[in-house]
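Trainee: I am new to this structure and would like a close look at a single part of it. Could you take me through the disulfide and then through its surroundings?

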Amino acid sequence: RGDKKVRGEGKYNIHLDTDVTSTTGDLHLYKLASNVLHGVTGHTRAIHDTGDMKTCGVTFGEYTHLTWDPIKDHAFFPQEFSNDITVDCSGAYNDDERTNAAYKPSLAVELRSVGGDVPMTFAGSFSNWLDKDYWLDNIGVTPLVRVPSSVRTQHYAVTIWSKALPGDKKKLDDDGEDGPAAESGRGP
């Protein structure tokens, strides 16, 4: 009780009019946007890296797990492929003196190809020239189907989950543990 987490499951169906070719480009299955800040001043006046996320873990099937650190590798395009892929972007404590410090949750998305062989891979990019701009997304993360692919109908099982960082002690107002109801003694 009181944990801040979300989980959802569903289906994702794609129907294309044409093959994925060099003319169409790779098929991006979804895009996560975030930001990473490099060498900014925090509230303690220390210069550090911060932002809404730290790294993205990528799992291809059951056996291959890679970690992308955008500060160390601005572009990340591994050559692994799998019919199921999980992208797990770790949250961060965003501490930039120009804004209110805040915990940012993790977010993970798992795609599993259903009823077909659709090898997916991962692409991550960091626009490092925006690494001081807290108000802009400078991270793009996407699983993709690379060219060429003749699979025009694709079906995926999707699981999405997000969870607050362990240091984020602020409770939700509707969980009965703090907020106006708890402070007045009306909470459970």
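**The disulfide and its surroundings**

Mentor: In this predicted model, C56 and C89 form a disulfide, with their sulfur atoms 2.3 Å apart. A search of the whole structure finds one disulfide, and a disulfide is a covalent bond between the sulfur atoms of two cysteines. The torsion about the S-S bond of C56 and C89 is about 85 degrees, so the disulfide is right-handed. As for the places of the two partners, C56 belongs to strand β6, which covers residues 53–60, while C89 belongs to strand β9, which covers residues 84–94, so the pair ties together parts that are 33 residues apart in sequence.

It helps to ask next how each cysteine stands towards the surface. C56 has a relative accessibility of 0% and counts as buried, and C89, with a relative accessible area of 7%, is buried as well; the reason is that buried means under 20% relative accessible area.

The two strands that hold these cysteines also appear in the account of the largest nonpolar core. This core has 27 residues, and those that touch the most other members are L29, W68, L111, F122, V141 and Y156. The elements giving two or more residues to the core are β6, β9, β11 (106–113), β12 (121–126), β13 (139–145) and β14 (153–163), and it is β6 that gives the most, with four residues. Two of the core residues just named, W68 and F122, return in another setting, since ring pairs link W68, F76 and F122 into a cluster.

Strand β9 can be followed further through its aromatic residue Y93. A search of the whole structure finds six aromatic pairs, and one of them joins Y93 and Y103, whose ring centres are 4.6 Å apart and whose planes stand at 50 degrees, so the pair is tilted. Y93 lies in strand β9 and Y103 in strand β10 (residues 102–104), ten residues apart, and in this way the pair links distant parts of the chain. Whereas C89 is buried, Y93 is partly exposed, with a relative accessible area of 39%, and Y103, at 33% relative accessibility, likewise counts as partly exposed.

To keep the picture in order, then, start from the disulfide between C56 and C89, place its two ends in β6 and β9, turn to the core to which β6 gives four residues, and finish at the tilted pair of Y93 and Y103.

Conventions. Residues are numbered from 1 along each chain as its sequence is written. This is a predicted model: local features need pLDDT of at least 70, side-chain atom pairs count only at pLDDT 80 or more; totals for chains, interfaces and linings use all residues. Side-chain values use heavy atoms; hydrogens and water are left out. A disulfide is a pair of cysteine sulfur atoms within 2.5 Å. Buried means under 20% relative accessible area, exposed over 50%, partly exposed in between (1.4 Å probe, protein chains only). A nonpolar core is a set of buried Ala, Val, Leu, Ile, Met, Phe, Trp, Tyr and Cys residues joined through side-chain atoms within 4.5 Å. Rings of Phe, Tyr and Trp (its six-membered ring) pair if their centres lie within 6.5 Å; planes under 30 degrees apart count as stacked, over 60 as edge-to-face and the rest as tilted.
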